[in-house]
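Visitor: Could you take me through the empty spaces inside this protein, and the parts of the fold that sit around them? I'd like a close look, in plain bench talk.

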Amino acid sequence: MRQLNSLLSLLSEQRITRRDFIQKATALGMAAAIPSAILSEQALADAPKKGGVFRVGIGAGNTTDSLDPGLITSLFSQVMLRGGVRNNLVRYTNTNELVGELAESWEASPDAVTWTFKLRTGVEFHNGKTLDANDVVASIKHHVVEGTTSAAKPIVEPIESVKADGKNTVVFKLKGGNADFPFTAYDYHIQICPANPDGTIDWQSGVGTGAYIMEDYEPGVRARLKKFANYWDESRGHFDGVDMTTIADVVARTSALTTGAIDAMDRCDLKTVHLLERNSDVNVVEVTGTGHYTFPMFTDVAPFNDNNVRMALKHAIDREALVKTILKGHGVTGNDHPIATANRYHNKDLPQRVYDPEKAKWYLKQSGLSSLDVDLSVADAAFAGAVDAGVLYKEHASAAGININAVRVPSDGYWDNIWLTKPFVACYWGGRQVEDQMFSTAYASGVPWNDTHFKHEKFDQLLIQARTELDDAKRRGMYYEMQRIVSDEGGAIVPMFYNYVSATSKKVQYLKDGWASDADLDGYMGIQHWWFA
């Protein structure tokens with residue numbers, strides 16, 4: 001009976017469909033025990049309503065955005081593609097659980113080297129093709145083929161082979177055991193696209209298995225999506241259509257919401273969000289997760305190639321002032337590494353770095369300098385308030401004899417022309433649920449998104465060892481040491497972890513469990529999860 005009650009709870013919270021509920025209850029031999037009123041009244045009383053065109057204003061989009069899953073950078077593409085047009089093998093729920101999406105189930109060998117994923121049957125692409133194992137194999141190989149520039153390459157490189165075992169089974173063999181491997185399939189770059197006859201994937205058409213079909217698209221500017229009639233998951237994708245627009249200016253974005261021109265927006269202006277909260281037609285939603293703002297510097301470019309200079313810059317920033325001024329208290333201070341308190345292996349024992357101009361001067365002296373002049377490229381495309389943060393950092397650092405020239409650059413094209421190009425910039429990261437993914441994506445030697453050019457032999461060794469270590473205590477010790485290394489020797493200044501603060505019209509309804517905490521707009525999935533009252 002406990003199992004039946006658990007299923008009833010999942011159904012009432014819209015975490016499984018009515019059909020899935022009946023199938024699972026029947027499989028357990030409990031169908032006869034279901035009260036007749038449950039399905040007709042209680043379970044369906046709060047069922048999401050279908051229909052309407054949902055309009056969302058996004059704070060970050062680039063005209064250089066690509067439909068190539070390996071090249072996705074902006075929030076616009078993340079929401080449109082991961083949230084609406086395509087699916088992954090797995091997804092992260094509003095209750096912080098990893099569950100199957102296109103994969104129905106998975107299991108590992110005892111050493112966690114071999115992973116077998118069973119695919120859902122009857123899943124259809126927008127072009128009418130039925131999903132099979134070859135599509136998954138080609139979608140994974142897309143990120144490791146010779147010459148790839150995919151940002152996902154470092155997280156899939158530990159895969160030694162991926163093969164189809166029949167139409168609905170995919171077998172992954174890893175180079176070493178990894179208990180967290182299913183999270184790899186959750187990364188927003190690992191979207192499943194239809195395979196071409198030559199083993200490549202068709203990403204150019206924008207065809208996916210998602211709830212919505214891409215009907216009209218202008219990269220990084222706007223998109224119009226329409227409901228896919230044959231979408232496999234009846235519990236999601238409630239709107240008839242979705243209109244997406246990039247509205248980079250937060251004042252214009254807020255105005256569009258309050259005047260009814262859009263139904264939702266991300267990245268509320270933290271300076272005025274308290275006023276938005278007073279609006280009786282608006283809901284402000286705040287979620288704490290793994291997102292963080294950074295000032296990365298190239299560790300192989302002077303003067304940042306001297307760790308004493310890097311440490312001086314880390315001590316010359318007032319983190320608490322930034323949280324108070326830029327985040328308006330909607331976040332916490334960072335400690336120059338990317339692992340949040342929400343992560344399993346967050347190093348709680350690492351001393352918190354604080355603003356100390358005298359210590360910054362001491363580090364400058366160790367590098368043979370009495371003063372320092374550096375350019376810091378900033379734009380609000382990096383994160384809301386990045387320009388103001390750069391100005392504040394300049395003020396903080398001046399007390400240590402450091403002159404930071406906060407250079408304001410254009411928001412459009414920021415992720416192509418500034419980030420990964422200029423040696424000292426502003427940046428944001430959504431973070432990752434698993435430490436290995438975050439470190440592998442942005443801190444391992446030579447990976448495409450290593451925005452500090454960080455290269456550390458011991459760190460790289462620990463990264464591989466921790467991935468394959470199944471003893472929890474030993475693994476924790478490795479991740480603790482990796483956080484220390486990045487904090488004390490890395491090139492990223494991580495002054496603050498931010499909360500996701502977004503807003504919607506009151507007519508927009510959400511799942512009872514609230515929003516997912518792993519990314520903006522309900523983990524990028526709002527356009528699938530939400531509905532109109």
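Guide: What follows is a walk through the cavities first, then a pocket, and then a sheet and some helices. Keep in mind that this is a predicted model.

Let's start with the enclosed spaces. The count comes to five cavities of 30 Å³ or more. The largest cavity holds about 290 Å³ of space. It has 19 lining residues, and those closest to its centre are Gln-78, Tyr-188, Gly-430, Arg-432 and Tyr-524. Two elements, helix H4 (75-85) and strand S16, each give two or more residues to that lining. S16 gives the most, with three residues. Sort the lining of the largest cavity by class and you get ten nonpolar, five polar and four charged residues.

Now for the second largest cavity, which has a volume of about 50 Å³. Its lining is made up of Leu-75, Gln-78, Tyr-428, Gly-430, Tyr-498, Tyr-500, Ala-519, Asp-520 and Tyr-524. Here the elements giving two or more residues are H4 and S17. By class, this lining has six nonpolar residues, two polar and one charged. If some of those names ring a bell, look back at the largest cavity: Gln-78, Gly-430 and Tyr-524 are among the residues closest to its centre, and they also turn up in the lining of the second largest cavity.

H4 has come up for both cavities, and here is how covered it is. Eleven of its eleven residues are buried. The run goes Leu-75, Phe-76, Ser-77, Gln-78, Val-79, Met-80, Leu-81, Arg-82, Gly-83, Gly-84 and Val-85. Notice that Arg-82 is on that buried list, as is Gln-78.

S16, the other element from the largest cavity, leads us to helix H15 (residues 435-442). H15 is mostly covered too, with eight of its eight residues buried. They are Glu-435, Asp-436, Gln-437, Met-438, Phe-439, Ser-440, Thr-441 and Ala-442. What do these buried residues pack against? The partners are strand S16 (427-429) and strand S12 (282-296), along with helices H6 (153-156), H7 (181-184), H16 (457-468) and H17 (472-489).

S12 deserves a stop of its own, at Gly-289, which is placed in that strand. Gly-289 has a relative accessible area of 9%, which is under the 20% cut-off, so this glycine counts as buried. Leaving out residues up to four places away in sequence, Gly-289 touches Ala-340, Ala-342, Tyr-500 and Ser-517. You've met Tyr-500 already, as one of the residues lining the second largest cavity. For a sense of scale, the C-alpha atoms of Gly-289 and Gly-61 are separated by 22 Å, and the two glycines are 228 residues apart along the chain.

Next, an open space: the second largest pocket. Its volume is about 670 Å³. There are 38 lining residues, with Ala-248, Val-250, Asp-380, Ala-384 and Gly-385 nearest the centre. Helix H8 (250-258), helix H13 (386-398) and strand S17 (492-505) each supply two or more residues to the lining. S17 gives the most, with four residues. So S17 is one you've seen before, in the lining of the second largest cavity. The pocket lining divides into 18 nonpolar, ten polar and ten charged residues.

Last stop, a sheet. Four strands form an open sheet in the order S4-S5-S7-S6, with antiparallel pairing. S4 and strand S6 (159-164) stand at the edges with a single partner strand each, so one side of each has no neighbour in the sheet. From one strand to the next, the twist averages 15°.

Zooming in, S4 (residues 103-108) and S5 (residues 114-119) pair over five bridges. Ala-103 stands opposite Leu-119 in S5, and Glu-107 faces Thr-116 in S5. The S4 and S5 hairpin has five residues between the strands, and Ala-112 takes a positive phi there, near 60°. On to the next pair: S5 and S7 (residues 169-174) are also antiparallel, over five bridges. In S7, Phe-172 is the bridge partner of Trp-115. Finally, helix H5 (residues 133-141) lies across S5, S6 and S7, running at about 155° to S6.

Definitions and conventions:
Residues are numbered from 1 along each chain as its sequence is written. This is a predicted model: local features need pLDDT of at least 70, side-chain atom pairs count only at pLDDT 80 or more; totals for chains, interfaces and linings use all residues. Side-chain values use heavy atoms; hydrogens and water are left out. On a 1 Å grid over the protein atoms alone, a cavity is a set of points where a 1.4 Å probe fits but cannot get out, and a pocket is an open set with protein on both sides within 12 Å along at least five of seven lines; lining residues have an atom within 4 Å of a point. Grid points are joined across faces, edges and corners, and a volume is the space filled by probe spheres set on the points. Ala, Val, Leu, Ile, Met, Phe, Trp, Tyr, Cys and Pro count as nonpolar, Asp, Glu, Lys and Arg as charged, and the others, Gly among them, as polar. Two strands pair if DSSP finds at least two bridges between them. Buried means under 20% relative accessible area, exposed over 50%, partly exposed in between (1.4 Å probe, protein chains only). Contact means heavy atoms within 4.5 Å. Axes are lines fitted to C-alpha atoms, for helices over the stretch in contact, and angles run from 0 to 180 degrees between N-to-C directions.
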